[in-house]
Amino acid sequence: MNTSSFKKFKNQFKNLDNKTIRLININNIISIIFCILGIILMYFHYKFYISELLFFGSITLFRTGLLISICSYIFGIIINQYKEKHT
């Protein structure tokens with residue numbers, strides 16, 4: 001990628017309105033909670049080895065937290081572009 005595409009991407013974050021930024025921050029907090037729960041479950045799996053299902057559940061929970069965070073940024077940019085075009 002060249003630098004102009006990075007500048008466009010950076011400008012999209014600068015143009016976000018306050019409501020969209022607040023929604024992104026709320027989703028990031030939810031994402032952090034999911035990731036922390038996944039890490040805690042992984043700790044319990046390695047410390048006590050309760051079941052094999054706990055291992056896969058903790059990894060799935062952590063990945064879900066990461067997906068929530070990534071999607072919040074993507075949807076925030078899309079919602080902001082929609083607002084700019086239709087307002």
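**Exercise 1.** Is F44 buried, partly exposed or exposed in this predicted model?

*Solution.* The relative accessible area of F44 is 35%. Buried requires a value under 20% and exposed a value over 50%. F44 is therefore partly exposed.

**Exercise 2.** Classify F48 by its relative accessibility.

*Solution.* The value for F48 is 52%. The cut-off for exposed is over 50%, so F48 counts as exposed.

**Exercise 3.** Determine how the rings of F44 and F48 are arranged.

*Solution.* First, locate the residues: both lie in helix α2, four residues apart, which is about one turn of the helix. Residues three or four places apart in an α-helix point the same way, because there are 3.6 residues a turn. Next, consider the five aromatic pairs that the structure holds. In the pair of F44 and F48, the ring centres are 5.9 Å apart and the planes meet at 25 degrees; the pair is therefore stacked. Finally, Y43 joins F44 and F48 in one aromatic cluster.

**Exercise 4.** Check the end-to-end distance of helix α2 against its expected span.

*Solution.* Helix α2 comprises 31 residues, 18-48. At 1.5 Å a residue, the expected span is 45 Å. The end C-alpha atoms are 45 Å apart, in agreement with that value. Just after α2, Y49 adopts a positive phi of about 45 degrees.

**Exercise 5.** Identify the buried residues of α2 and an element that covers them.

*Solution.* The buried residues are T20, I24, N28, S31, C35, G38, M42 and H45. Their cover includes α3, residues 52-85.

Definitions and conventions
Residues are numbered from 1 along each chain as its sequence is written. This is a predicted model: local features need pLDDT of at least 70, side-chain atom pairs count only at pLDDT 80 or more; totals for chains, interfaces and linings use all residues. Side-chain values use heavy atoms; hydrogens and water are left out. Helices (H or I, at least four residues) and strands (E, at least two) are DSSP runs, numbered from the N terminus. The expected span of a helix is 1.5 Å times one less than its number of residues. Buried means under 20% relative accessible area, exposed over 50%, partly exposed in between (1.4 Å probe, protein chains only). Contact means heavy atoms within 4.5 Å. Rings of Phe, Tyr and Trp (its six-membered ring) pair if their centres lie within 6.5 Å; planes under 30 degrees apart count as stacked, over 60 as edge-to-face and the rest as tilted.
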